[in-house]
Each structure stands twice: as structure tokens, then as C-alpha cells.
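Me: Please take a close look at a single part of this protein, one strand and its partners. Then tell me what sits around that part.

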Amino acid sequence: MMSPAASAPAWDFDDQAPAVEVAPGVHWIGALDPGLRTFDIILRTANGTTYNSYLVRGEDGVAVIDTVKAEFAEDFFARLESAARYDEIRVIVLNHLEPDHTGALPELMRRAPQAQLYISKRATAMLKALLKPRDDRPLTYKTVGTGDEVSLGGRTLRFLHTPFLHWPDTQCTWLAEEGVLFSGDVFGCHHCDARLFNDLCGDFRFAFDYYYAHIMRPFKSYVVDALKLIEPLPIKLIAPTHGPVLRDRPRRYVTRYRELSTPSLAERIDQDERSLIIFYMSAYGSTARMAEAIRAGVEESEGIRVSLYDLEGGEVQPFVDLIESADAMALGSPTINGDAAKPIWDLLSSLAVIDLKGKLGAAFGSYGWTGEAVKMIEDRLRGLKLRVPVAGLRIKLIPTDEELEECREFGRALAGALVRGEQGRVIDFADLG
Ligand code: FEO
């Protein structure tokens with residue numbers, strides 16, 4: 001089989017090139033997409049991506065692990081045919097059902113009807129949605145979990161249950177005899193290089209970290225769970241579904257995931273201390289005064305570190321890391337033309353890359369006529385799965401001394417919910433005093 005030459009430029013790849021052996025009896029049969037610049041609408045890539053699929057040969061048959069995006073099916077089938085016959089395929093493993101890896105699946109099933117599908121238990125509903133079985137076209141498959149195995153004769157595929165990396169269905173597959181981990185999107189990146197192997201490709205560290213930040217970071221706790229299964233494995237090669245095949249010191253990439261999933265020392269606040277961040281925008285200083293009074297109310301409680309930030313500068317990205325390691329945030333905005341101020345929405349729309357579950361949220365703001373902003377922010381906080389334990393606080397125009405006391409009480413109530421970890425009813429200021 002042809003191996004990509006070390007000297008081949010990254011863009012010089014023959015679409016007709018046959019399968020590439022990445023380990024004894026294991027072939028890459030994927031496709032390169034060097035022209036792609038945006039993946040899944042939002043993810044940027046500077047030089048395209050790859051859709052990696054693999055073929056494993058055993059004494060009793062062949063397994064195909066993942067397929068490719070539909071548009072690249074022709075390349076995939078040509079490479080597959082260079083390494084195996086369709087009637088040899090006994091097993092099709094789907095580590096992840098997103099269409100960039102299942103686009104060629106229906107046609108593969110048509111060409112290899114004897115092959116058995118292996119999916120994770122959580123993938124069942126997705127598989128049915130994808131293949132739309134009918135009475136006259138039933139769907140057969142096996143669901144597997146950690147420790148389940150399928151033998152190909154002298155070769156054993158063992159499954160690892162690694163959900164939410166980055167969909168509920170995701171799993172990894174371990175080929176023990178060769179020390180190969182078929183990791184799905186895990187340890188992948190959008191980096192297209194015809195030289196295929198990490199020791200031959202250009203420097204893709206940025207792409208690797210960028211992919212983690214946008215795809216895996218929201219699921220950090222699941223990454224940590226998966227690493228518990230992956231780290232003990234004697235890995236010789238990681239075969240992800242995107243980007244370079246990681247044959248040179250593959251454990252570096254596992255270590256990198258561990259680093260990226262572990263809070264740094266700088267992020268850690270004292271174990272006994274909770275963190276609350278107040279962000280605000282203020283047109284005439286009223287919402288700013290509310291924010292300061294709320295901070296004063298929070299500070300009356302022991303064990304909470306409170307921070308106050310004015311979003312007027314417009315930069316929101318630097319705050320994403322802070323919010324990830326905080327326990328609560330309160331957002332203050334005046335109502336401008338029936339809406340919250342744009343930096344508030346910019347901040348909220350930047351939070352999809354982090355896990356917000358279990359954090360507290362709150363909203364406040366001064367207003368002139370109608371004051372919709374506070375309710376809108378609260379709705380968005382709930383949509384992001386934050387708990388909103390204290391009803392939003394709105395004050396018309398300039399806060400009076402009594403209203404500033406209300407703000408301090410709002411801060412006390414928020415602090416109380418944070419310290420006690422309250423899950424119960426929403427505290428409404430109409431009920432207080
Ligand atoms: Fe590469 Fe989540 O699909």
C-alpha cells in the first residue's frame with residue numbers, strides 16, 4: 001500500500017491514492033477535504049479537515065470503523081476496495097453518528113449487507129433517525145458498552161463507553177493486539193495534511209487545542225471520565241476521525257486532554273470559597289450603582305469572592321474562562337429599545353463552549369419605560385441551564401436610597417442561595433420585607 005511521502009506537500013494529495021497502512025493490518029480509508037474553511041457552520045479551519053475511516057483485518061474478516069461525509073463517499077469506497085472486498089466485511093463500528101462520519105454508511109450497508117453494526121447504547125435513537133428503518137427494511141445492530149468485545153479472529157475490538165465527546169452517542173474502540181485506539185472525534189482536529197501522520201504533518205498544535213476548546217470543552221467532566229478509561233491503555237497509535245493519525249508519542253495528546261480538562265492553579269479559588277461575578281452595562285450610571293450595591297450585599301456573606309466588571313469595553317472573550325471557574329454570575333443591563341445591551345448578549349452567546357450546569361444566574365437593571373431587558377436576560381440564563389434562584393431586580397431610572405437597599409438585599413439573597421446551594425423556590429422581592 002502506498003504511504004504518503006514525508007516530502008509530499010500538505011496540499012498535494014491524490015484523491016485516487018489507495019488505502020494507507022497505519023499499523024499492521026490496519027488501514028486508513030478516509031478522505032481529505034482541504035478546501036473546507038468552516039465546519040458545522042461555526043468552527044473555523046485554516047486548511048480544511050479530514051474524515052478518517054479505518055479498516056481492520058482479522059483472520060475471520062474485516063471491520064470498518066466509521067465512514068466519511070457523504071460528498072466524499074467515492075474516495076472512501078475506492079480506498080476501501082484497495083484494501084478489502086465487501087464480502088469480507090463482518091463488522092461496521094460507528095463510534096459517532098454525526099453525518100461527517102456516517103454519510104457513506106447507507107451505501108456501505110448496501111454493499112456489505114452481511115456486516116453487523118456496532119453502536120453505543122445511547123446511539124440507538126440516532127441510528128434509527130439516520131437510517132429510517134421500515135417494516136420492509138428492518139434495521140439490525142448491536143449495542144455495546146465498556147468491556148464488550150468483538151473478535152475478528154486474532155484481532156479483538158474492545159469498546160469504551162465515552163459519552164458526550166461530543167454527542168451522547170460517542171464511544172471509542174480499542175484494538176488491543178496493536179495498541180490502536182480508534183477515538184472518534186476525541187484527540188481529533190480540523191487539520192488537513194496529505195502526509196497523514198503526526199510526525200510528518202505541519203505543526204497542528206493550534207488546531208488541536210482549538211478543536212478541544214470548541215468541541216470538547218463544554219463536556220469537560222465527560223472528558224475526565226473518558227480519560228480514566230483511556231489513560232491505562234498501552235497506546236501505540238491514536239486513530240481519530242479528524243486530522244493527523246497520532247503515531248508519534250500518542251500519549252502526549254492524552255496528557256494534553258488531561259491538562260485542558262483540569263483547572264489550572266490560577267483558576268482555583270479556595271475550596272471553601274464560592275465565586276460570584278457581576279457584569280453590567282450602564283448608560284447613565286444607574287445600573288452601575290445597582291451593581292455596586294448588589295456587590296455590597298453579597299460581600300456581607302462570608303465565603304464568597306465577588307468580582308465586578310463593566311462590559312462597556314465590549315470585550316467578552318476574556319471573561320469566558322472566569323465564568324467557567326465561577327459559581328455564579330449576575331448580569332445588569334439597562335433596557336435600550338426594548339432589549340438588553342449588545343455586550344450582554346455577546347457575553348451570553350460566548351458561553352456555549354463551557355459547562356454552565358449547576359451555576360447560579362441573576363439579572364438586574366434600571367429602565368426608563370418598559371424594562372424588558374431583565375426578563376430577557378433571565379430567560380437566556382435559564383436557557384443556558386443556569387439556576388436563577390432570585391427573581392430579577394428592575395429599578396425605574398435613578399435608584400433611591402430605598403431601592404439601593406433593595407439591591408443590597410438582592411445581593412444578600414443571591415449570596416444566601418450560593419452559600420446554601422439552594423435548589424428550591426425563586427426568591428421574589430415582592431415577598432421580602
Ligand atoms: Fe466529526 Fe462530531 O463529528
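Reply: First, a convention. Helices and strands here are DSSP runs, numbered from the N terminus; a helix needs at least four residues and a strand at least two. By that count, the span 276–415 is 41% helix and 21% strand. Its end C-alpha atoms lie 8 Å apart. UniProt, in an unreviewed entry, lists these residues as "domain: Flavodoxin-like". Keep in mind that the model is predicted.

The part to look at is outside that span. Take strand β15, residues 180–184. Is β15 mostly covered or mostly open? Mostly covered: five of its five residues are buried. V180, F182 and G184 point one way from the strand. L181 and S183 point the other way. Both groups are buried.

Now the partners. On one hand there is β14, residues 171–175. β14 and β15 are antiparallel and share three bridges. L175 stands opposite V180. The two strands form a hairpin with four residues between them. G179 in this hairpin takes a positive phi near 65°. The other partner is β16, residues 237–240. Here the pairing is parallel, with four bridges. L181 of β15 has I238 as its bridge partner in β16.

Some of these strand residues also belong to a nonpolar core. Start with the largest core, which has 62 residues. Within that core, I89 and F187 touch the most other members. Helix α5 (205–216) gives the most to the core, seven residues. Apart from it lies another core, of 29 residues. Among its members are I65, L157, L175 and L237. L175 is the residue that faces V180 across the hairpin.

One residue ties several of these pieces together: N95. It is found in the loop between β9 and α2 (99–102). Why is N95 called buried? Its relative accessible area is 0%, so N95 falls under the 20% cut-off. From β15, N95 touches F182 and G184. It also touches Q171, C172 and T173. With T173 there is a side-chain to side-chain polar contact at 2.7 Å. I65, D66, D169 and T170 complete the list of residues that N95 touches beyond four places in sequence.

Go on along the chain. The loop between β15 and α5 holds L196. L196 is not a glycine, yet has a positive phi of about 70°. L196 counts as buried because its relative accessible area is 2%. K385 offers a contrast. It too has a positive phi, about 75°, without being a glycine. But K385 is exposed, at 56% relative accessibility. Its place is the loop between α11 (372–383) and β21 (393–396).

Next comes α5. I215 lies in this helix. It is buried, with a relative accessible area of 9%. I215 and C189 are 26 residues apart in sequence, but 9.6 Å apart in space, C-alpha to C-alpha. Beyond four places in sequence, I215 is in contact with L43 and H166. H166 is found in the loop between β13 (156–161) and β14. A cis peptide bond joins L165 to H166, with omega about 10°.

Last, the sheet that includes β9. Seven strands form this open sheet, in the order β1-β2-β7-β8-β9-β10-β11, with mixed pairing. Its edge strands are β1 (20–23) and β11 (142–144), each paired on one side only. Neighbouring strands are turned by 30° against each other on average, direction ignored. Helix α1 (73–83) packs on the sheet and touches β2, β7, β8 and β9. Its direction makes about 20° with that of β7. At the β11 edge, β10 (116–120) and β11 are parallel, over three bridges. S120 stands opposite V144 there. Helix α4 (124–131) lies across these two strands, at about 130° to β10. I89, beyond its neighbours within four places in sequence, is in contact with V62, V64, L80, L108, A112, Q114 and A115.

How values were computed: Residues are numbered from 1 along each chain as its sequence is written. This is a predicted model: local features need pLDDT of at least 70, side-chain atom pairs count only at pLDDT 80 or more; totals for chains, interfaces and linings use all residues. Side-chain values use heavy atoms; hydrogens and water are left out. A nonpolar core is a set of buried Ala, Val, Leu, Ile, Met, Phe, Trp, Tyr and Cys residues joined through side-chain atoms within 4.5 Å. Buried means under 20% relative accessible area, exposed over 50%, partly exposed in between (1.4 Å probe, protein chains only). Contact means heavy atoms within 4.5 Å. UniProt positions are given in the numbering used here, feature names are shortened, and annotations may be inferred rather than shown by experiment. Two strands pair if DSSP finds at least two bridges between them. Axes are lines fitted to C-alpha atoms, for helices over the stretch in contact, and angles run from 0 to 180 degrees between N-to-C directions. A polar contact is a pair of N or O atoms within 3.5 Å; within protein, one must be able to donate a hydrogen and the other to accept it, and residues adjacent in sequence count only if both atoms are side-chain atoms.
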